[in-house]
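Student: I should like a close look at a single part of this protein, with its surroundings described afterwards. Please treat one helix in detail and then place it against the rest of the fold.

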Amino acid sequence: MTAPGRSVAAFWQSVADRWRNLGKRRLLVLPLLSGTILSASIVTAQVDPNASEAGKDPTDWAEKETGIPVTDALTTEKCGSCHAPDAKGNLSRISWIRATPEGWAQTIKRMVKLNGLSITAEEAKSVIKYLGTWHGLAPEEAKPVMYLAERRIQDETIIPNEPMREACATCHAFAQPLSSRRSHREWALLQNMHVALYSQAEAEFNRPVDDPSAPPPPRGDQPVKKPTHAKFALDWLSKEVPLNSAAWTAWRPRIGAPRLSGKWIVTASQRGHGRMIGTMTITPAGDDFTTSTTLRSLDSGATLTRSGKGLVYAGYSWRGTSTPAGPVARPDDMASGLRETMYFAPGQNSAEGRWYWGEYHEFGLDVKMVRATGAPVIAAVSPEALPTGAKGVEVRIYGDALPASLTPAEVDFGSGVTVRKLTAVSSAELVATVDVAANAIAGRHDVAVGGVVLEKALPVYASIDYLKVTPETALTHLGGIKYGKGYEQFEAIAWSSGPDGKPRTDDDFPVMTAPSTWAMKEFATVTYDDDIRYVGTLDVSGFFTPNVEGPNPERKFSRNNYGEVWVVATARALKDKQGKPLTAQAYLVTTVPAYKRWDQPEVGQ
């Protein structure tokens, strides 16, 4: 309905004028963090190349930095209708952003959902592969934030100061913005997007910075005007994570086709399931790869075979999937279908990462791989650790192409460990019989076979001084009726206090997993909550299964089964100096399901 006395044309012209004026004040990028892009027609509408930033919205800033030309025909075809090209081959917005594969994938999905982009799954895969490679991150930029792509839950140690925590890390991981690189203008437009889409962002951005590390204000009657969180964050991001960096400049000419075919020696560990050794054979399949993997438990000897596929972005960043050859028995069963995220060193001779699964990606294998080149490789040793004073202990050395004609003198476990006998089981396994001196230096010893060294491979300890439960803090999710459960596996690790004899100092080192009994203890927050009765169950292996979601009429006020508890491990064989069993505890929060997610797990398969 139009206003009285106005024509339909005049009404719609007034609407257009209001949107245009709004765009001048707060024109926004759509929507979430990494790789966010807006249509070129909007972006270029109000830009004056000679204008300064003072008093202007970022949409009106001139882009002063050198962009990265888009050279892929399909990307230009799919994106160029909205993102205007220039004479240098740049596409507006896109050429001033670099991001991880996940960041560009988010962008493609948003363009489909919000801007009407028409693109097939195969076309999207090709565009993401191009952008993730030629508009991606250098290895040095990507490695510190790989934990985000690996779906790891951990405390972030990369947040530089409190203002950046408040500006960027109160709603999402700090690794999220650091998974992209942008021009100064693009970082400002990203802030605009936040203000438009998230009601709390404007209040947070406009708050003045209270930085204890800042120098004291000069004397005088005039109060010093503090920068806002938005200004502080914009300045930090523009300086510390710029579009054009030395790392990216050095990496671009080195990007080439990944040459990963052949056999790789794999070592892996899963919390609560111990360590594994095996091989992965990678075979080229067009532009991608197929894989065949065999893993063997060092504890039980059980084997698992898997087949899969993967692709590589930017010459180093692997994303893959694999399926098992058998049925899945439990939620934490590694026979489940796995997602693989791995970082290949630029020399393409080693890799590390995480293979994960679960409704919340809570289960995972920590994986390291070394290329089998025909030269000797040491991958792992067993048992996990040796006590000082031990005699005649058999230590198994696992690897590849291990020489059969070695003498005990050619195998070295470090100072204080003497090799008495050496037996070659196969080219992949040696058995060394060793003595450990009573005064051997405690710590994590290197293991050397001939000229090959595996660093910090074998802890030697004089005493076990305390336990730690890992994870020390954990989050699980109720579920099982309508939503999936989020589980947790706890594990007890025995630690040595190191040479100084003082626990929890820098020279402490983990020794080995400690078989333990498990129990829950009330975390006292509300006097009547009795959480250990309702949050879930903890089995004899430290595996926690949360309860069902929804109101529980048995609880006071029919509360959900959420709550907080201590998870307590008591070592079965290890005792303290008073002869009491060593114990440790972890903090566990069981909360409601993730009722709504930006992107469902199956979308990213």
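Tutor: A residue is called buried when its relative accessible area is under 20%. The model under discussion is a predicted one, and the part chosen here is helix α10, residues 184–197.

By that cut-off, α10 is mostly covered, with 12 of its 14 residues buried. The buried residues are His-184, Arg-185, Glu-186, Trp-187, Ala-188, Leu-189, Leu-190, Gln-191, Asn-192, Met-193, His-194 and Val-195. In an α-helix there are 3.6 residues a turn, so residues three or four places apart point the same way. The list for α10 runs without a gap from His-184 to Val-195. Charged and polar residues, including Arg-185, Glu-186, Gln-191 and Asn-192, are buried in α10 along with Trp-187, Leu-189 and Leu-190.

The length of α10 can be checked as well. At 1.5 Å a residue, its 14 residues should span 20 Å, and the end C-alpha atoms lie 21 Å apart, which agrees with that expectation.

For the setting of this helix, the protein as a whole has 13 helices and 28 strands. Of its 605 residues, 47% are buried. The protein exposes about 29600 Å², of which carbon and sulfur atoms supply 54%. Among contacts between residues at least 6 apart in sequence, 60% join residues at least 24 apart.

Elsewhere in the fold, the largest nonpolar core has 26 residues, and Phe-344, Trp-355, Leu-365 and Met-369 have the most contacts inside it. The elements that give two or more residues to this core are the strands β3, β4, β5, β6, β8, β9 and β10. Of these, β10 gives the most, with 4 residues. A second, separate core of 25 residues includes Phe-490, Val-511, Leu-538 and Ala-584.

The strand β10 also has pairing partners. It pairs with β3 in the antiparallel sense over 6 bridges, and Ile-265 stands opposite Val-370 of β10. Antiparallel pairing also joins β9 to β10, through 8 bridges; there Arg-354 has Asp-366 in β10 as its bridge partner. The hairpin of β9 and β10 has 5 residues between the strands, and in it Gly-358 takes a positive phi near 110°.

To return to the part requested, α10 is a helix with 12 of its 14 residues buried and with an end-to-end C-alpha distance of 21 Å.

How values were computed: Residues are numbered from 1 along each chain as its sequence is written. This is a predicted model: local features need pLDDT of at least 70, side-chain atom pairs count only at pLDDT 80 or more; totals for chains, interfaces and linings use all residues. Side-chain values use heavy atoms; hydrogens and water are left out. A nonpolar core is a set of buried Ala, Val, Leu, Ile, Met, Phe, Trp, Tyr and Cys residues joined through side-chain atoms within 4.5 Å. Buried means under 20% relative accessible area, exposed over 50%, partly exposed in between (1.4 Å probe, protein chains only). Two strands pair if DSSP finds at least two bridges between them. The expected span of a helix is 1.5 Å times one less than its number of residues. Contact means heavy atoms within 4.5 Å. Accessible areas come from the Shrake-Rupley method with a 1.4 Å probe; for residues, only the protein chains shown count as cover.
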